[in-house]
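Please examine the sequence and the structure shown below. This report concerns how side chains are arranged in the interior and how aromatic rings pair.

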Amino acid sequence: MYIFKTTQSELRVIPSDYNGGTITVSLRNDFTDEQYTNTVTSVGYFNGILRISFNPMTFTEGTDIDVTVYENGAVTYKGKAYVTDQTDLENFKLWL
């Protein structure tokens, strides 16, 4: 699971495959089914980690997000993200 801040502009994932193709990202709110669209501004790949930068987005605290990363239209990463502004992520607590 990836942790987003309420204002987010970067995503780091370990893709199943990466060949330097065109990257697109799909973010979908689990609760409202709202689709977030944004433009990828830069992509970096180092030591197996794909670093994707995009224009800053604002999310609501406590939101669960489905993340799908595509390379040339094929899924290369699929996972979950959670939005929080907690800073001590080592001792992160999910309040239900």
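The sections below describe the nonpolar core, the cavity and the aromatic pairs of this predicted model.

**The nonpolar core**

In soluble globular proteins, nonpolar side chains tend to be buried together. The largest nonpolar core here comprises 20 residues, of which F4, L11, L27, I65 and V69 touch the most other members. Two or more residues of this core come from each of the elements β1 (2-4), β2 (7-13), β3, β6, β7 (64-71) and β8 (74-83). Strand β6 provides the largest share, which is four residues.

One core residue, V69, may be considered in detail. When its neighbours within four places in sequence are set aside, V69 is in contact with L11, V13, I23, T24, V25, L50, I52, A74, V75, T76 and Y77. Among these contacts is L11, a residue that is likewise listed with V69 among those touching the most other core members.

**The cavity**

How many cavities of 30 Å³ or more does the model contain? The count is one cavity, and the space in the largest cavity is about 50 Å³. Its lining consists of V25, L27, Y36, T37, N38, V40, F54 and M57. By type, the lining residues are six nonpolar and two polar, with no charged residue. Strands β3 (23-29) and β6 (49-58) each contribute at least two residues to this lining. L27 belongs to the lining and is also one of the core residues that touch the most other members.

**The aromatic pairs**

The structure contains two aromatic pairs. Their geometry is set out in the table.

| Pair | Distance between ring centres | Angle between planes | Type |
|---|---|---|---|
| Y18 and Y45 | 4.9 Å | 45° | tilted |
| Y36 and F59 | 4.9 Å | 80° | edge-to-face |

The pair of Y18 and Y45 ties together parts that are 27 residues apart in sequence, because Y18 lies in the loop between β2 and β3 and Y45 lies in strand β5 (residues 40-46). The pair of Y36 and F59 links distant parts of the chain as well: Y36 is in strand β4 (residues 35-36) and F59 is in the loop between β6 and β7, 23 residues apart.

Are the paired residues buried or exposed? Y45 has a relative accessibility of 41% and therefore counts as partly exposed, as this value falls between the limits of 20% and 50%. Y36 has a relative accessible area of 11%, so Y36 is buried. F59, at 5%, is buried too. Y36 thus takes part in an aromatic pair and also lines the largest cavity.

Terms used. Residues are numbered from 1 along each chain as its sequence is written. This is a predicted model: local features need pLDDT of at least 70, side-chain atom pairs count only at pLDDT 80 or more; totals for chains, interfaces and linings use all residues. Side-chain values use heavy atoms; hydrogens and water are left out. On a 1 Å grid over the protein atoms alone, a cavity is a set of points where a 1.4 Å probe fits but cannot get out, and a pocket is an open set with protein on both sides within 12 Å along at least five of seven lines; lining residues have an atom within 4 Å of a point. Grid points are joined across faces, edges and corners, and a volume is the space filled by probe spheres set on the points. Ala, Val, Leu, Ile, Met, Phe, Trp, Tyr, Cys and Pro count as nonpolar, Asp, Glu, Lys and Arg as charged, and the others, Gly among them, as polar. A nonpolar core is a set of buried Ala, Val, Leu, Ile, Met, Phe, Trp, Tyr and Cys residues joined through side-chain atoms within 4.5 Å. Buried means under 20% relative accessible area, exposed over 50%, partly exposed in between (1.4 Å probe, protein chains only). Contact means heavy atoms within 4.5 Å. Rings of Phe, Tyr and Trp (its six-membered ring) pair if their centres lie within 6.5 Å; planes under 30 degrees apart count as stacked, over 60 as edge-to-face and the rest as tilted.
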